[in-house]
Amino acid sequence: DNLEHIVHIIVLLLTAVLILVIAAPAAAASDRYVHGAAGVDAGDCKDPTDPCKTISYALSKSFGQDEIYVAQGTYKENLIITDNIHLFGGFDPADWTKQPKVYGSTIDGRSLGTVVRYDSGFAGELDGFKITNGRAAKGGGVFSEFGSPELRNLWIVGNEATHDGAGVFLDGGKPSIANSRFEHNEAADYGGAVYIINGRTGGTLSDLTMMKNEARSGGGLSVHNSGTVTLSGSDLSLNVASSQGGAINVQHSALDIKNSEVANNSGNIHGGAMTAEGSQVDIINGLFYGNSAASGKASILAMSDTEVYVVNSTLAQNQPQGQQAIFRWGSSGIVLLKNSI
């Protein structure tokens, strides 16, 4: 009887502890401050008058939904995000107001690896930075695996990938990129600016500029094995593919292109503007002009099992061999043009 009584008490105590743990409110998010020129890597970075010096140190003190505010300056760091941290750049250290066009914050990877890396499904926001000099096998500028980071107001320039996604590499999750510029990023294989793979729940790309990026396929954007990715309000120009898909390469995915301009891109073999295989591509209110394929066919090349719908769009002054605007290659697939020039 005594033993049963003791066991009963222990069970009650454990139940009470469990209830307290479940009922305990989550720790409130904290604001942390970084100023490379005047900060010191000590303390918890919570006092705006006593900021940290490096972003890496601030990250080491952060967890959960913490927000890190980074003052103007160049930070020569390679960051690893290990929680759902929100990272904001472009602040005036005098009063910590955000003006990224005036108070630019640069993260320089020094060609020592990915500049900003998200591992193990972590996400959060990355907003208001210049991301440069990253070099990695995948994702020289930004790398994310299984997570869904929100990338906004970024200038991603001068990054390299020895395989895929020189500017941004996104594997899994639901990618979101907005109001950002990609320039002079170079991947050896796919996606000079952005590479999306295994995004089963799709993703959104809006108000982007992809200019003068290079890859073997998809000089600007590559989307592989993904759900519906929407590209809207964007400008893809002067991108180069050493093989095919000067601006865009799509494989076994769905891509909706809306209110976007794809101009003066080049593919060495096929698809000066785009190549698609085993995919569905919808182009609505698009302008495709001045794209060229040096030795093959078509500004837009639709390969086997691909459906391409072009609505309210213009394809003009493209210069592939034989002057085809769109070429369907393979016995299966659909190309439909409606209300288009």
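The exercises below concern a predicted model of a protein chain, and each is followed by a worked solution.

**Exercise 1. Describe how confident the predictor is along the protein chain, and say which stretch falls below a pLDDT of 50.**

Begin with the chain as a whole, for which the mean pLDDT is 90, with 91% of the residues reaching 70 or more. Then turn to the weak stretch, residues 16-26, where the pLDDT is below 50 and where the model shows 0 contacts beyond near neighbours in sequence.

**Exercise 2. Characterise the overall build of the protein chain from its secondary structure, its dimensions and its contacts.**

The secondary structure comes to 2 helices and 38 strands, and the C-alpha atoms occupy a box of roughly 90 × 60 × 35 Å along the principal axes. Among contacts with a separation of 6 or more, 76% join residues that are 24 or more positions apart. As for burial, 50% of the 341 residues count as buried, while the surface that the chain exposes amounts to about 14,600 Å², of which carbon and sulfur atoms supply 53%.

**Exercise 3. Work out which parts of the chain the salt bridge between Lys 98 and Asp 127 ties together, and whether each partner is buried or partly exposed.**

The closest N and O atoms of Lys 98 and Asp 127 are 2.7 Å apart, and the pair forms a salt bridge. Because Lys 98 belongs to strand β6 (residues 97-98) and Asp 127 to strand β9 (residues 125-127), the bridge ties together parts that are 29 residues apart in sequence. For the accessibility, apply the cut-off that buried means under 20% relative accessible area: Asp 127, at 6%, is therefore buried, whereas Lys 98, at 34%, is partly exposed.

**Exercise 4. Trace the salt bridges that Arg 152 makes with Glu 125 and Asp 127, and place them in a network.**

Take Glu 125 as the starting partner: its side chain meets that of Arg 152 in a salt bridge with an N to O distance of 2.1 Å. Since Arg 152 lies in strand β13 (residues 150-152) and Glu 125 in strand β9, this pair ties together parts that are 27 residues apart in sequence. Glu 125 counts as buried at 15% relative accessibility, and Arg 152 is partly exposed at 22%.

Next, Arg 152 also forms a salt bridge with Asp 127, with the closest N and O atoms 3.6 Å apart, and this pair, again between strands β13 and β9, links parts that are 25 residues apart in sequence. Finally, assemble the network of salt bridges, which links Lys 98, Glu 125, Asp 127, Glu 150 and Arg 152; the structure holds 9 salt bridges.

Note on methods. Residues numbered from 1 in each chain as written. Predicted model: local features only at pLDDT ≥ 70, side-chain atom pairs only at ≥ 80, totals over all residues. Heavy atoms only, no water. pLDDT = per-residue confidence, 0-100. Contact = heavy atoms within 4.5 Å. Helix = DSSP H or I, 4+ residues; strand = E, 2+ residues; numbered from the N terminus. Buried < 20%, exposed > 50% of the residue type's maximum accessible area, 1.4 Å probe, protein only. Areas by Shrake-Rupley, 256 points an atom, 1.4 Å probe, with all protein chains shown as cover. Salt bridge = Lys/Arg side-chain N within 4 Å of Asp/Glu carboxyl O.
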